[in-house]
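Grab a coffee and open the viewer. Here are a few exercises, each with a worked solution to check yourself against.

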Amino acid sequence: MQKGEVSPFDSRSLLTSITFGYGLPLMRLGAQRPLEAADLPPYGRADSAALVVDTVVREWKVEERKNNPNLWMALYRSFRGKFWWSAFWNLLESISRLVQPVLLRAFLDQLAKDDPNVDQMYLFAAGLVLSSFLQAVVHHQFYFVTMCGGWGIRMGLSGALHWKLLRLHAASLQGKASADCYNLIASDVMRFDGFIPALHFIWGAALDFVVAAILLAFEVGVIETICSLSVLVLVVVIMVNFGRRFARRRKITAGHSDARLKLTSEVVNAIMSVKVYCWEGSFEKRIQAIRGKEHNSIFQRQKMVAANSTMYFIIPAASSLVLFLIFVARGKTLTLATVYAALGLLSTLRVSFGKHLNRALQFGPECHAAVKRFTTFLTMPEVEARPELIHADPSVV
């Protein structure tokens, strides 16, 4: 990387933006030999650490002047462009995903006729292919923008934390505050990488639910739709309950981590006294006991993740079972087009709720807990500049 060299990302064309072709030269080189630091091209101008950190710090200063500073609002203003671009991609993906069952229904209707309209079948088939291709393109654009936003927030908050450290009293960093600082950088800041890609899934799932419910009602009837989607609502209630548990579990885990880091820091700072009095074994047991509690809390979270992930498999089976049972019980006849259209819409909701919303409810409360911890740290009182020192004669010692 040479000074003044333009980033491939900044000079990309529309085609390479869609295909991510600007990364091909680097991948070709990496396939030929191991990459070195000099092989890496310059990063995009918008991804500059100095620019990202300065933006986050500037927006936080605006919030700090308010009675109740809101770190979420500071982050939103810092990454407003990525937020709305990702919202646009998420909306486009929802449309491309929901239109596919409709096109499939129309195609099967023509296929079931004795004298099908071949031209219309080709049109419907072409629409299915194009919508699937569009979904694949949009899906990767959406995740690219949101993942860039996630690591941008991680980078910005890491820089903001170091900016704040330079303005704090040394005494205020002793004990628990010091452990909080370690944990914010080592663990809490990583929560944004998980939640930002799932941020728009909250309203996206609600939109998919409304549209799919309307389409299902036209396809199978209102009563059948209500009964089928009531299963989905029950699953969402369970997932929301899990989300609250994730937030509480994150606080418990962070508390154990803070205690472990605090004790470890104290032992390292007083290592001479620990050696003199032969306290190594005693402190080792105490640290291991706290670490055991931390491990147990993480294990409890992983069990909740496993239980919550089963919702992805429950939604289509339970919803379709209830739907078709009610449909047949009311004396209606199932057709191939009806079955595939209903299953297609339920599969769309399976992705929207069982995967996307599930992820948002899993990482969202943890990320919100991390924001609260960052807010607490960033609002700590700073060292006040002494005017007599600022305006003092530098020649006087």
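**Exercise 1.** Start at the end of helix α9: which residue follows α9, and what is the sign of its phi?

*Solution.* Step along the chain past α9 and you land on G221. The phi of G221 is positive, near 120 degrees. Keep in mind that this is a predicted model.

**Exercise 2.** Work out what span helix α9 should have, and check it against the distance between its end C-alpha atoms.

*Solution.* Count first: α9 runs over residues 201-220, which makes 20 residues. Next, use 1.5 Å a residue, with the expected span being 1.5 Å times one less than the number of residues. That puts the expected span of α9 at 28 Å. Finally, compare: the end C-alpha atoms are 27 Å apart, which agrees.

**Exercise 3.** Find which residues of α9 are buried, and say what they pack against.

*Solution.* The cut-off for buried is under 20% relative accessible area. The buried residues of α9 are F201, G204, A205, D208, A212, A213, L216, E219 and V220. Around the axis they cover an arc of only 165 degrees, so they sit on the same side of α9. Their packing partners are α5 (80-112), α6 (118-165), α10 (222-269), α13 (311-329) and α14 (336-378).

**Exercise 4.** Place S78: which helix holds it, and is S78 buried or exposed?

*Solution.* Look in α4, residues 71-78, and you'll find S78 there. Its relative accessibility is 16%, so S78 counts as buried. Leaving out residues up to four places away in sequence, S78 touches T55, V56 and E59. Now try a pair that is 71 residues apart along the chain: the C-alpha atoms of S78 and G149 are separated by 9.9 Å.

Then widen the view to the whole helix. Along with S78, the buried residues of α4 are L71, A74, L75 and R77. Seen down the axis, they fall within an arc of 165 degrees, so they line one face of α4. The buried residues of α4 pack against α3, α5, α6, α8 (191-195) and α14.

**Exercise 5.** Hunt for cavities of 30 Å³ or more: how many are there, and which residues line the largest cavity?

*Solution.* The count is 1, and the largest cavity has a volume of about 30 Å³. Its lining is made of V56, V57, W60, L71, L157, A160, W163 and L378. Sort these by helix, and α3 (49-64) and α6 each supply at least two. Sort them by class, and you get 8 nonpolar, no polar and no charged residues.

Terms used: Residues are numbered from 1 along each chain as its sequence is written. This is a predicted model: local features need pLDDT of at least 70, side-chain atom pairs count only at pLDDT 80 or more; totals for chains, interfaces and linings use all residues. Side-chain values use heavy atoms; hydrogens and water are left out. Helices (H or I, at least four residues) and strands (E, at least two) are DSSP runs, numbered from the N terminus. Buried means under 20% relative accessible area, exposed over 50%, partly exposed in between (1.4 Å probe, protein chains only). The arc is that of the directions from the helix axis to the C-beta atoms. Contact means heavy atoms within 4.5 Å. On a 1 Å grid over the protein atoms alone, a cavity is a set of points where a 1.4 Å probe fits but cannot get out, and a pocket is an open set with protein on both sides within 12 Å along at least five of seven lines; lining residues have an atom within 4 Å of a point. Grid points are joined across faces, edges and corners, and a volume is the space filled by probe spheres set on the points. Ala, Val, Leu, Ile, Met, Phe, Trp, Tyr, Cys and Pro count as nonpolar, Asp, Glu, Lys and Arg as charged, and the others, Gly among them, as polar.
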